[in-house]
Amino acid sequence: MPHDAALAELATFLGDRLARSKAERDQHGKNEAWFPDAPPDAVAYPETTEEVARIVGTCARHNCPVTAWGTGTSLEGHALAIRGGVTIDLMRMNRVLQVRAEDMQAVVQPGLTREALNTDLRATGLMFSVDPGADASLGGMAATRASGTTAVRYGTMRDNVMGLEVVLADGRIIRTGSGARKSSAGYDLTGLFVGSEGTLGIITELTLKLHGQPEAISAAVCAFEDFEAAVQTVITTIQMGIPMARIEFLDETAAAVFNAANGTALPEKPHLMVEFHGSETSAAEDAKRFGEVVAEMGGAHFDWATTTEDRNRLWKMRHGAYPACLAFRPGSLGLVTDICVPISRLAQAVRETRADIAASGLTGPILGHVGDGNFHAILLIERGNEAELKTAKALARKMAERALSLGGTITGEHGIGFGKKDLMAMEHGEAWEVMAQIKRALDPDGILNPGKVVEVNQ
Ligand SMILES: Cc1cc2nc3c(=O)[nH]c(=O)nc-3n(C[C@H](O)[C@H](O)[C@H](O)COP(=O)(O)OP(=O)(O)OC[C@H]3O[C@@H](n4cnc5c(N)ncnc54)[C@H](O)[C@@H]3O)c2cc1C
């Protein structure tokens with residue numbers, strides 16, 4: 001068995017918190033997308049930062065790969081142990097360590113999920129805003145630089161992580177950032193670790209920015225004759241400075257998916273789902289001005305979710321979009337694309353993507369966090385159908401190339417994992433080599449999540 005020596009040493013201090021059963025390994029070898037299973041040799045369940053440091057230090061001495069695991073919801077094979085070794089499951093490090101309400105900050109452990117944090121914050125009048133739909137771990141969200149439906153108003157993980165504690169590949173424990181709102185003290189290491197996908201260090205603590213819970217919320221869904229009108233509505237709303245908390249696009253296939261999964265009767269047309277946060281007066285005023293833009297663009301079937309239950313139902317439907325898409329073609333797997341372009345190029349990117357999907361013969365509902373210029377085509381492929389997988393991969397690559405040609409990026413929020421590694425040179429050129437130099441400096445033997453984002457010697 002490879003890595004036997006490392007595993008034997010880890011077992012001496014982890015005991016039964018080093019799991020080697022097939023069931024535990026298989027559970028940590030699966031992913032939410034189409035990638036084949038890749039179980040690790042063992043799963044470690046640390047409870048303290050010092051234990052994480054000892055695990056990483058032990059693995060470093062034995063040249064054994066170490067992959068961090070939050071809730072395993074990432075979509076590019078990020079957390080798969082493709083080169084074996086130890087997966088560190090951080091879910092037992094799931095405490096809120098401190099809420100500094102007057103500074104609007106919380107200090108948390110990495111295995112805490114965003115919903116658990118918000119439940120804990122409920123009585124404080126504060127909230128953590130980043131919402132990727134899945135109830136992901138905050139460590140995993142920082143590691144993927146996640147965003148989601150609310151980024152248009154409150155920003156992504158990049159904007160909401162103020163500081164980190166990180167275990168490096170050699171077992172050192174460092175702190176980055178501070179509780180101050182800003183700092184000019186040297187290199188921005190917090191920014192370096194946010195989005196590094198567990199390839200530069202293991203995050204063991206996060207200081208997060210909080211926001212006030214809005215006094216009033218209004219949400220609505222409305223339909224358009226064509227997607228250009230929907231996208232133009234988004235652009236005009238942004239240009240008018242109407243502060244949206246969320247604005248989501250669905251194409252007609254996605255509307256059909258929602259109807260099939262939820263028993264709704266949305267017209268099979270492009271839709272926008274929108275939400276405003278503010279005082280009673282400002283949320284109502286924003287909603288009214290948005291309604292006027294929609295009317296001007298020929299939008300119809302305007303449906304306001306006036307009660308909390310209606311609103312929850314609306315966003316539950318949006319958050320359940322991925323399983324609903326998979327159920328739309330029973331037995332399918334999803335190849336989820338994630339491009340992001342400047343908002344002025346969004347209509348072109350969506351139009352050309354739709355034409356490509358139609359020409360490919362695949363079913364591919366499109367959904368997007370359009371306020372950020374970010375959208376996903378969920379390409380549904382039959383399990384085991386290599387020809388469809390090949391077509392979907394070619395289509396995804398074409399979307400990525402188009403995003404770059406329009407001044408955008410190959411991934412707005414899901415990240416690279418190993419699914420998009422072969423597109424990194426195309427986006428970054430020589431800068432990808434600089435990333436590899438940083439990797440070599442911090443993890444010279446390439447033990448941290450090997451095979452993802454960059455190679456030590458690429
Ligand atoms: C239905 C669905 C909807 C989604 N919608 C969105 C969306 O709208 N926006 C969005 O951004 N994402 C979305 N995602 C993707 C996913 O939820 C995010 O990427 C999320 O941030 C992953 O968190 P996780 O805890 O599951 O991380 P994991 O999948 O466990 O890990 C992700 C990566 O982070 C690393 N990692 C995990 N924890 C740590 C740590 N403590 N230190 C260092 N590295 C670590 C892992 O090694 C891996 O490389 C969606 C996924 C699903 C299934």
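**Exercise 1. Find the strand partner of Ala-68 and follow that strand to its sheet.**

Ala-68 stands opposite Ile-88 in E4. Strands here (at least two residues) are DSSP runs, numbered from the N terminus, as are helices (H or I, at least four residues). Before going on, note that this is a predicted model: local features need pLDDT of at least 70, side-chain atom pairs count only at pLDDT 80 or more, and totals for chains, interfaces and linings use all residues. Residues are numbered from 1 along each chain as its sequence is written, and side-chain values use heavy atoms, with hydrogens and water left out.

Step 1. Look at the strand pair: E3 and strand E4 (residues 86-89) run parallel and are joined by four bridges. Two strands count as paired if DSSP finds at least two bridges between them.

Step 2. Widen the view. The open sheet has four strands in the order E1-E2-E4-E3, with mixed pairing. Strand E1 (18-19) and E3 are at its edges, each with a single partner strand, so one side of each has no neighbour in the sheet.

**Exercise 2. Describe how the ligand is held by its surroundings.**

Step 1. Start with the shell: 35 residues surround the ligand, and the closest are Ala-68, Thr-71, Ser-74, Pro-132 and Ser-137. A residue is near the ligand if one of its heavy atoms lies within 4 Å of it.

Step 2. Check the polar contacts, which are pairs of N or O atoms within 3.5 Å; within protein, one must be able to donate a hydrogen and the other to accept it, and residues adjacent in sequence count only if both atoms are side-chain atoms. From Ala-68, a backbone N or O atom lies 2.7 Å from an oxygen atom of the ligand. The side chain of Thr-71 has an N or O atom 2.6 Å from a ligand oxygen atom, and for the side chain of Thr-73 the distance is 2.7 Å.

Step 3. Turn to area. Taken alone the ligand exposes 970 Å², and the protein buries 95% of that; accessible areas come from the Shrake-Rupley method with a 1.4 Å probe, and for residues only the protein chains shown count as cover.

Step 4. Ask which element gives the largest share of the shell. That is H5, with five residues.

**Exercise 3. Work out the setting of strand E19.**

Step 1. Is E19 enclosed or open? Eight of the nine residues of E19 (residues 374-382) are buried, so the strand is largely enclosed by the rest of the structure. Buried means under 20% relative accessible area, exposed over 50%, and partly exposed in between (1.4 Å probe, protein chains only).

Step 2. List partners. Strand E16 (residues 332-336) pairs with E19 in the antiparallel sense over five bridges, and Leu-335 has Leu-379 as its bridge partner. Strand E18 (residues 366-369) is also antiparallel to E19, through four bridges, with Gly-368 partnered by Phe-375.

Step 3. Inspect the turn: E18 and E19 form a hairpin with four residues between them, where Gly-373 has a positive phi of about 75°.

**Exercise 4. Place Thr-190 in its environment.**

Step 1. Locate Thr-190: it lies in helix H8 (residues 189-193) and is buried, with a relative accessible area of 7%.

Step 2. Find its side-chain partner. A polar contact of 2.8 Å links the side chains of Thr-190 and Thr-176.
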